[in-house]
Amino acid sequence: MKILLLAALLAACNPRKIELQGAGASFPYPLYSKMFEGYYKEFNVRINYQAIGSGGGIRQLINKTVDFGASDVFMSDNELKENLNILHIPICMGAVAITYNLPNNPKIKLTPDIIADIFLGKVKKWNDKRIKEINPDTALPNKDIIVIRRSDSSGTTFIFTDYLSKISKVWGENIGRAPMVNWPIGLGGKGNAGVTSLIKQTQGSIGYIELTYAMEQNLPYAIIKNKNGNFIEPDISSVSLAGNIEIPNDTRISIVNTANPLGYPISGFTWILVYKEQKNEQKGKGLTKLLYWMTHEGQKYTKPLNYAPIPEPAVKKAEEIVKLITYNGKPLLKEGADF
């Protein structure tokens, strides 16, 4: 009897450690990896995250095999009608860079019409006269353009095809925007890492990846003409300017093809998706505290990894959304995130 009592007391003094499971977008994986490492060191809470793509993250959340999903594509109104209990919490903003593999990897400029026609298969050579006209001082080879794109359901693809749909009537009417589309051309790679690897291995290739992947692998990326006619390089500043707009209460918004004269045109938010009503109180508290931390203290990890922190209006919206998370109908977030 004394042994059982002692065991009960020890269990009460040493509650089981929380371990959270997440899956989804590879777009923010370098950031999430660093955030979760820092959170573990500070709070001793382990977060296991699998970068399986936005589509996979949403599926696993709906199937309730993870505690949270992660996605660069917000769920549609129709999808939310079937999953009314799912919330979107913005974590950061990032750039989809158009990167390539050419001799000496020169810095090149690209316009929206050229980008669309490359991915439609209409511009086939690197020394095409339209590319040469805007890059007169660059030696462009007489090489075939080899398009590399995602093979899996991807938020990065959603951001990129959202952009293509807005700048190309042909793309918008025939292919559209989606996490996975019927590509007219190209070789497929899985995840941002897979596309990055294929581009590095394939001379003459071009593809789209999150900026951090290009920078980590020393791949060049294009300077892109935006809606205002300015050629803009992807960086923290130009992404932040693209996201400096009014944020809806549910935070589901596209920021591609920005009207900001200095904004980068292929930018996007990325979200963590959770159930409003949690089934496990201890895990729910742990998840809510994590989300509050990621949208506040955790933002210090964004800029060193070339992601843009969420703007202050989005932070306030995120707070309001996190306050909606409940267990047995009662909010899990206490005032000041004091659990």
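Begin by selecting helix 5, residues 112–119, in this predicted model, and look at how it is mostly covered, with 7 of its 8 residues buried. Which residues of helix 5 are the buried ones? Colour Pro 112, Ile 114, Ile 115, Ala 116, Asp 117, Ile 118 and Phe 119, and you have the buried residues of this helix in view.

Next, move just past the end of helix 5 and select Gly 121, where the backbone takes a positive phi of about 85°.

Now zoom out to the whole chain and switch to a cartoon view, in which the secondary structure comes to 13 helices and 15 strands. The radius of gyration of the chain is 22 Å, close to the 20 Å that the globule rule gives for 339 residues, and therefore the chain is as compact as a globular protein of that length. If you show the C-alpha atoms alone and turn the view along the principal axes, these atoms fill a box of roughly 85 × 35 × 35 Å.

With the whole chain still selected, colour it by burial: buried residues make up 54% of the 339 residues. Then display contacts between residues at least 6 apart in sequence, of which 74% join residues at least 24 apart.

For the last stops, turn on the surface, where the accessible area of the chain comes to about 15,600 Å² and 51% of that area belongs to carbon and sulfur atoms. Finally, select the charged side chains, of which 40 are positive and 31 are negative, and note that the centres of the two sets lie 4 Å apart.

Key
Residues are numbered from 1 along each chain as its sequence is written. This is a predicted model: local features need pLDDT of at least 70, side-chain atom pairs count only at pLDDT 80 or more; totals for chains, interfaces and linings use all residues. Side-chain values use heavy atoms; hydrogens and water are left out. Helices (H or I, at least four residues) and strands (E, at least two) are DSSP runs, numbered from the N terminus. The radius of gyration is taken over C-alpha atoms; the globule rule is 2.2 Å times the number of residues to the power 0.38. Buried means under 20% relative accessible area, exposed over 50%, partly exposed in between (1.4 Å probe, protein chains only). Contact means heavy atoms within 4.5 Å. Accessible areas come from the Shrake-Rupley method with a 1.4 Å probe; for residues, only the protein chains shown count as cover. Lys and Arg count as positive and Asp and Glu as negative; His and the chain ends are not counted. The place of a charge is taken as NZ of Lys, CZ of Arg, CG of Asp or CD of Glu.
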